[in-house]
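The report below works through a single protein model, moving between individual residues, a pocket and the overall fold. Please keep the sequence and the coordinates at hand while reading.

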Amino acid sequence: MQTVSAVIIGAGHSGLAMSNTLTAEGIDHIVVERGAIGQAWRSERWDSLTLLTPNWANGLPGAPYCGADPHGYQKVGAFAAGLTRYAALFGAPVQTATDVEAVSRSGDHFTIATSTGPICAKAVVLATGACAKPHLPAIAQAAPRDLCHLTPATYKRPDDLPQGGVLVVGASASGVQIAHEIQASGRPVTLAVGGHTRLPRTYRGRDIEWWLDALGVLDERAHEMDDLERARKIPSPQIVGGPQPVDLNALQELGVTVVGRLADIRDGEALFSGGLSSLTLSADLKMHRLLDAIDGFAQETGLAATLNDVQRPEPTRLPRAPILSKNLLSGEFGSVIWATGYRPHHGFINLPVFDRRGRLRHDGGVCEIPGLYALGLPFLRRRRSQQISGAGPDAGDLARHLVHHLKGAPRAAA
C-alpha cells in the first residue's frame, strides 16, 4: 500500500493548483486521475467549445498567462494540453488511469481504494469539480425514447445528430452555445428557456470578465453572502468565448425558436411554461444593475474618459404569442439535448459527510471530518471559486488548513 501525507483526487486545474501549492509547502502527495491529465476537458466537452474567460484570466499558481494573445479565448483541447505542460513544470506526482473506487477512514488515516491499488493518507482533497456528471431532470424520463438524447458532455458536433430538429433544454452558457452552433449548421433548433443570466461579452470596450474583476465581484467571499445557497445556483451567463453574441435576441435573429421552460412531457407532447417574459425581464433588470455599477465605478475612478460610449444591449425580444407546446412525436424533432446543468460526483466517499439531498457538507471546502477537503465547487470560498482563476486562491487557503491538520494542531477555522 502506498502511504503519503495527502491524496488529491482529480488532475484538472483545481487538483493541479493544489498539487503546486502542496509541492511548494514540501508536503508529499499523490494526484490520482481516472484518465489523462485534464480528462474531462479532453473527452467530455463539445469540439468547438472555448473557455468562457479570456486567456489573461486563466493563470494557475506559478504560471500566470504570458502568451501573445491575452484577450483571446482558448479551445478546451488546447487548455487540456496546457494542463499537461503545467503539471510537468513542477513535476506534479500525477498517477493517471487510476479510478478511485472508495474513500474510507480508519483512525486518523484515510484509505483510498483505487483501480491500481490502495493508498493511505492523512488528508484527502476532492478536486473532481462541480461538473463531474450532467444533471438530467426527472422530466427527461418522460421524453420519447426513439429520439436521440444527449447532454453537453456527450454532444460533440452537429454532423453527429440524426435528421430533424433539435430541442435544446436549458439556456445557460452551454445551452445557448450549442443552440447557436446547431442552428448555424442548418438544423432547426427550439430552445426551452428557464432562469438565466444575461451579460454582454464586452461593455464599453472591455471584456465583462475584466469588469467583474475590477469591481471586486469575483472576490466576494462566501461568508459575506446573505443567501449563499442562492448565490451558488446562479446560472452561468449567456456568453461564448469570443465576440459572437449568443443571447436570446441573437439566437432568434439566427432562426432559433425560443420557448418557455420545459414544464412537462405528456404522451410525447412537450409543454412549455408561459412565464418566459417574466424570466427575461428579470434577467434584463439584473444585467442593467451590473452595468449601472460598472458605469458608476468608471465615473468614480476616472476611467470613463478612456472608455467607449455607453451602449446597452437591447431588451430581450420575444414572440407576441408564446408557443406553449410541441409534439415530439410529430417528426419535427430528431434530438433532445439536455443542457440542464451539472452536478459533482462524490459517490465514492464512504463517509457521513452528505446532507439529506446528497450534497457534500463543507465550510469553504473544509469538510466535517478532519483532513477531508473539496475544491472547484461553486462559490466554495469566493465567487470565482469555480473559475480557473479561483483555483489558486482557494488552493492556497485550503493548503494552509491542510498543513495545520498534518502538524496535528487543534482544528483551525475554515
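Does Arg204 count as buried or exposed, given its relative accessibility? With a relative accessibility of 13%, Arg204 counts as buried, because the cut-off for that class is under 20%. The model in which this value was computed is a predicted one.

**Two residues with positive phi**

Arg204 sits in the loop that joins strand 11 to strand 12 (206–207), and although Arg204 is not a glycine, its phi is positive, at about 55°. Most residues other than glycine have a negative phi. A positive phi also occurs at Phe379, which is likewise not a glycine and has a phi near 50°. Phe379 belongs to the loop between strand 21 (372–374) and helix 9 (388–406), and because its relative accessibility is 3%, Phe379 counts as buried.

**The second largest pocket**

Strand 11 (202–203) supplies at least two residues of the lining of the second largest pocket, and helix 7 (248–254) also supplies at least two. The largest share of that lining, three residues, comes from helix 7. In total, 29 residues line the pocket, and those nearest its centre are Pro200, Arg201, Thr202, Pro245 and Pro313. By residue class, the lining is made up of 12 nonpolar, eight polar and nine charged residues. The space in this second largest pocket comes to about 510 Å³.

**The protein as a whole**

The secondary structure of the protein consists of nine helices and 21 strands. What radius of gyration does the protein have, and what would a compact globule with 414 residues have? The protein has 22 Å, and a compact globule of 414 residues would have a value near 22 Å, so the two agree. Along the principal axes, the C-alpha trace of the protein spans about 65 × 60 × 40 Å.

Buried residues account for 50% of the 414 residues. The protein exposes a surface of about 18,500 Å², of which 52% is supplied by carbon and sulfur atoms. When contacts between residues at least 6 apart in sequence are taken together, 71% of them join residues at least 24 apart.

**Four residues and their surroundings**

Leu126 is part of strand 6 (residues 119–126), and because its relative accessibility is 1%, Leu126 counts as buried. Which residues does Leu126 contact, once its neighbours within four places in sequence are left aside? They are Ile9, His346, Phe348, Ile349, Leu360, Leu372, Tyr373, Ala374 and Leu375. The C-alpha atoms of Leu126 and Ser14 are separated by 9.3 Å, with their positions 112 residues apart along the chain.

Asn350 is placed in the loop between strand 18 (342–343) and strand 19 (362–363). At a relative accessibility of 51%, Asn350 counts as exposed, because that class begins over 50%. Leaving aside neighbours within four places in sequence, Asn350 is in contact with Ala102, Val103 and Ser104. Asn350 and Glu101 are 249 residues apart in sequence, while their C-alpha atoms are 9.9 Å apart in space.

Pro134 lies in strand 7 (residues 133–134), where, at 31% relative accessibility, it counts as partly exposed. Apart from neighbours within four places in sequence, Pro134 is in contact with Thr151, Ala153, Gly341 and Tyr342. The C-alpha atoms of Pro134 and Pro162, which are 28 residues apart along the chain, are separated by 21 Å.

Ser330 is found in the loop between strand 16 (325–327) and strand 17 (333–338). Its relative accessibility of 48% makes Ser330 partly exposed, because this value falls between the limits of 20% and 50%. Between the C-alpha atoms of Ser330 and Gly175, which are 155 residues apart along the chain, the separation is 23 Å.

The C-alpha pairs named in this section are set side by side below.

| Residue pair | Separation along the chain | C-alpha separation |
|---|---|---|
| Leu126 and Ser14 | 112 residues | 9.3 Å |
| Asn350 and Glu101 | 249 residues | 9.9 Å |
| Pro134 and Pro162 | 28 residues | 21 Å |
| Ser330 and Gly175 | 155 residues | 23 Å |

Definitions and conventions:
Residues are numbered from 1 along each chain as its sequence is written. This is a predicted model: local features need pLDDT of at least 70, side-chain atom pairs count only at pLDDT 80 or more; totals for chains, interfaces and linings use all residues. Side-chain values use heavy atoms; hydrogens and water are left out. On a 1 Å grid over the protein atoms alone, a cavity is a set of points where a 1.4 Å probe fits but cannot get out, and a pocket is an open set with protein on both sides within 12 Å along at least five of seven lines; lining residues have an atom within 4 Å of a point. Grid points are joined across faces, edges and corners, and a volume is the space filled by probe spheres set on the points. Helices (H or I, at least four residues) and strands (E, at least two) are DSSP runs, numbered from the N terminus. Ala, Val, Leu, Ile, Met, Phe, Trp, Tyr, Cys and Pro count as nonpolar, Asp, Glu, Lys and Arg as charged, and the others, Gly among them, as polar. The radius of gyration is taken over C-alpha atoms; the globule rule is 2.2 Å times the number of residues to the power 0.38. Buried means under 20% relative accessible area, exposed over 50%, partly exposed in between (1.4 Å probe, protein chains only). Contact means heavy atoms within 4.5 Å. Accessible areas come from the Shrake-Rupley method with a 1.4 Å probe; for residues, only the protein chains shown count as cover.
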